[in-house]
Structures are given as structure tokens and as C-alpha cells.
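Notebook open, coffee poured. I want to see how the helices pack in this one.

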Amino acid sequence: MRYADAFLNLFDASITPENFQTFCRTAVLFNAHKRRLSLALTPYLDTAHTAARITDLCTRMGMPDTCKQLVQLLAHTNRLELLPTVLRHIGEQYKIRHGMLDCSIVSSHPLSERNKAALHRFLSHATKHTLIKQYSVDKSLIAGIRVVGDNLFWEYSVRRYLAEINRKVIR
């Protein structure tokens with residue numbers, strides 16, 4: 001957590017939304033391949049060579065040049081195995097610092113661009129956050145929309161309305 005905070009204190013202004021997405025993708029990739037990363041970090045391998053290979057991989061994934069300094073710092077302190085966790089924390093802290101929320105928008109039918117724009121305006125106004133949206137379709141909603149996020153749940157659908165009626169009738 002300290003590495004992520006220090007990194008953002010120094011380089012927050014240089015991170016763009018595209019870089020942020022790259023940080024998230026790279027963190028997911030490194031987490032998925034932790035075993036391979038741990039094999040690359042075995043004590044008998046040269047740390048400088050391993051750091052150079054990891055830096056090269058980060059560059060090919062589209063990470064900013066500031067990532068090189070992070071990898072070099074972690075290699076210098078013999079903590080290169082923390083890279084996936086540090087990248088994940090950088091993503092989480094960046095979202096907090098910039099008022100961003102991950103949310104999944106599920107609709108009963110595919111939304112047009114006009115509908116997406118109207119929904120985006122409504123949700124941005126209601127949450128006062130920048131939304132990182134992911135759209136999907138779920139036919140079981142029965143003519144509606146559900147938004148699920150980090151600390152957000154909103155649903156407007158016939159299914160929800162029928163469930164409320166059912167709860168009132170059963171009481």
C-alpha cells in the first residue's frame with residue numbers, strides 16, 4: 001500500500017485514463033501468472049536481468065515510463081514479488097483519488113448509444129462519480145436496467161416491481 005501511495009504521490013498527474021486501464025490489465029495479468037513471476041524471481045537469477053525483462057513486458061503492454069522506476073525500486077529493495085499487489089493498489093487508490101466507480105450495467109435488451117448516454121448522465125449526476133462502465137444483457141430482467149457497482153446498486157425493472165408487489169401481498 002505504501003509503494004502505491006508513494007507512486008501516486010509522485011506520478012498521479014502523469015496517469016491518463018488509458019494508462020489507468022493499462023495498470024488494471026497489467027495487474028490482472030501479473031496476478032494470473034503469479035507462479036511464473038515467482039519462478040522468475042528465484043534467488044539464483046540475476047535481479048537486474050529479471051527487472052529488465054519485467055520492465056520490457058510492462059512497456060509492451062503499454063504501461064507508462066514511470067512503471068520502469070517502480071520496477072527498479074522494487075528490484076533494488078528485493079521486493080519485486082510485490083509488483084502485482086502494488087499495481088492493484090495503484091488502481092484502487094487512483095479510483096479513490098479521482099472519484100471513479102466500477103459498475104456493471106445490465107439491461108433486458110441491448111441499449112442504443114442514445115440510451116447509454118442518457119443513463120450515463122443520470123448515473124453521473126446521481127453518484128457524483130466518474131463511472132467505469134461495463135454493459136451486458138440479461139433477458140430475465142423483464143424490461144429494465146440494473147446497475148451494480150463497488151458501493152452502488154440500482155434497479156428499475158418489471159422484475160423488481162413484481163418482487164415488491166409479491167412481498168406486500170405475502171405480508
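Ground rule for what I call a helix: I take DSSP runs, H or I over at least four residues for helices and E over at least two for strands, numbered from the N terminus. I am working on a predicted model, where local features need pLDDT of at least 70, side-chain atom pairs count only at pLDDT 80 or more, and totals for chains, interfaces and linings use all residues. Residues are numbered from 1 along each chain as its sequence is written, and side-chain values use heavy atoms, with hydrogens and water left out.

**Entry: α5**

I started at the end of α5. N78 follows this helix and has a positive phi, near 55 degrees. Next I looked up burial, where buried means under 20% relative accessible area, exposed over 50% and partly exposed in between, with a 1.4 Å probe and protein chains only. In α5 the buried residues are T66, C67, L70, V71, L74 and A75. They pack against α1, α4 (47-60) and α6; contact here means heavy atoms within 4.5 Å.

**Entry: α5 on α6**

I wanted the geometry of this pair. Two packed helices are described by the angle between their axes and the distance between the axes. My axes are lines fitted to C-alpha atoms, for helices over the stretch in contact, and angles run from 0 to 180 degrees between N-to-C directions. Helix α5 (residues 66-76) packs on α6 at about 140 degrees, with the axes 11 Å apart. That makes the pair oblique; under 35 degrees counts as roughly parallel, over 145 as roughly antiparallel, 65 to 115 as roughly perpendicular and the rest as oblique. The crossing of α5 past α6 is right-handed, the near helix being turned clockwise from the far one by less than a right angle (anticlockwise would be left-handed).

Which residues of α5 and α6 meet? I found L70, V71 and L74 in α5 against L83, V86, L87 and I90 in α6. I sorted them by type: Ala, Val, Leu, Ile, Met, Phe, Trp, Tyr, Cys and Pro count as nonpolar, Asp, Glu, Lys and Arg as charged, and the others, Gly among them, as polar. This contact has seven nonpolar residues, no polar and no charged.

**Entry: α1 on α6**

The axes of α1 (residues 2-11) and α6 (residues 83-97) come within 8 Å and cross at roughly 55 degrees, so this pair is oblique. α1 also passes α6 in a right-handed crossing. On the α1 side I noted Y3, A4, D5, F7, L8 and N9; on the α6 side, V86, H89, I90, Q93, Y94 and R97. The split for this contact is seven nonpolar, three polar and two charged.

**Entry: α6 itself**

I checked its length. The expected span is 1.5 Å times one less than the number of residues, so the 15 residues of α6 should span 21 Å, and the end C-alpha atoms are indeed 21 Å apart. Buried in α6 are L83, P84, V86, L87, H89, I90, G91, Q93, Y94 and K95. G99 follows this helix, with a positive phi near 60 degrees.

I then picked out two residues of α6. H89 is buried at 16% relative accessible area and touches M1 and A4, leaving out residues up to four places away in sequence. Q93 is buried at 13%; with the same exclusion, Q93 touches M1, D5 and L8.

**Entry: A118**

Last stop was A118, in helix α7 (residues 113-127). Buried or exposed, or in between? A118 is partly exposed, at 34%.
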